[in-house]
Amino acid sequence: MPYVDGFIVAVPKKNVDAYKRLARKAGKIWKEHGALEFRECIADDVKKGKLTSFPRAVQMKPSETVFFSYIVYKSRKDRDRVNAKVIKDPRLAGMMSGKDMPFDGKRLIYGGFKVTVDI
């Protein structure tokens, strides 16, 4: 079964283009190292819930929007192999430093998920 890394992040609206440029570059690198899919999705129909929601999860401010992103791999083992290569890739060195990030990395939510239904 495939394995998925999922991400949710608040991005300042003024930084959306910079975020998409970063994502395009990062996505190419992940895929070169073996990821099957790399998707970045911007909020379109996402409301702030009373108790839970994507905006609440990332403490979204009025000047921000939410991105939901995911990367698909062949397996957990393959994900670990791909990510080990990505972390060492020199093309990401400056991209992933705090000062160059077009969002607040402290509010990034991420995790790895086993696929349980694949239709």
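**Reasoning about a predicted model**

Reader: What covers the buried residues of H1?

Author: The cover over the buried residues of H1 includes S1, strand S2 (37-42), strand S3 (64-73) and helix H3 (76-88). The model under discussion is predicted.

Reader: Which residues of H1 are buried?

Author: They are Val16, Tyr19, Leu22, Ala23, Ala26, Gly27, Ile29 and Trp30.

Reader: How do you know that the buried residues of H1 line one face of the helix?

Author: When one looks down the axis of H1, the buried residues lie within an arc of 165 degrees, so they line one face. In general, an α-helix has 3.6 residues a turn, so residues three or four places apart point the same way. On the face turned away from the buried side, H1 carries the exposed residues Arg21, Arg24, Lys28 and Glu32.

Reader: How do you know that the span of helix H1 agrees with its number of residues?

Author: Helix H1 (residues 16-32) has 17 residues, and at 1.5 Å a residue the expected span is 24 Å. Its end C-alpha atoms are 24 Å apart, so the two values agree. Just after H1, Gly34 takes a positive phi of about 125 degrees.

Reader: Why is Ala10 called buried?

Author: Buried requires a relative accessible area under 20%. Ala10 has a relative accessibility of 1%, and therefore counts as buried. Ala10 belongs to strand S1 (residues 3-12).

Reader: Which residues are in contact with Ala10, leaving aside its neighbours within four places in sequence?

Author: Ala10 is in contact with Val58, Met60, Glu64, Thr65, Phe103, Asp104 and Arg107. In addition, the C-alpha atoms of Ala10 and Lys106 are separated by 10 Å, although these residues are 96 residues apart along the chain.

Reader: What makes the pair of Arg79 and Asp5 a salt bridge?

Author: The cut-off is a side-chain nitrogen of Lys or Arg within 4 Å of a carboxyl oxygen of Asp or Glu. The side chains of Arg79 and Asp5 meet at 3.0 Å, N to O. This pair links distant parts of the chain, with Arg79 in helix H3 and Asp5 in strand S1, 74 residues apart. Both residues, Arg79 and Asp5, are buried.

Reader: How many salt bridges does a search of the whole structure find?

Author: The search finds ten salt bridges. Among them, Arg39 and Glu37 meet at 3.6 Å, N to O.

Reader: Why is Arg39 called partly exposed?

Author: Partly exposed lies between the limits of 20% and 50%. Arg39 has a relative accessible area of 41%, so it is partly exposed. Glu37, at 28% relative accessibility, likewise counts as partly exposed.

Reader: Is Asp89, in its salt bridge with Arg91, buried or partly exposed?

Author: Asp89 has a relative accessibility of 8% and therefore counts as buried, whereas Arg91, at 35%, counts as partly exposed. Their side chains meet at 2.8 Å, N to O. Elsewhere, salt bridges that share partners join Asp5, Arg76, Arg79 and Asp80 into one network.

Reader: Which residues make the nonpolar surface patch?

Author: The patch, of about 230 Å², is made by Val46, Phe54 and Phe68. A patch residue needs over 30% relative accessible area. Phe54 has 36%, and so is partly exposed. Phe54 is found in helix H2 (residues 54-57).

Methods: Residues numbered from 1 in each chain as written. Predicted model: local features only at pLDDT ≥ 70, side-chain atom pairs only at ≥ 80, totals over all residues. Heavy atoms only, no water. Patch = residues over 30% accessible without salt bridge, like charges linked within 9 Å, V, L, I, M, F, W, Y side chains within 5 Å. Areas by Shrake-Rupley, 256 points an atom, 1.4 Å probe, with all protein chains shown as cover. Helix = DSSP H or I, 4+ residues; strand = E, 2+ residues; numbered from the N terminus. Buried < 20%, exposed > 50% of the residue type's maximum accessible area, 1.4 Å probe, protein only. Contact = heavy atoms within 4.5 Å. Expected span 1.5 Å × (residues − 1). Arc of directions from axis to C-beta.
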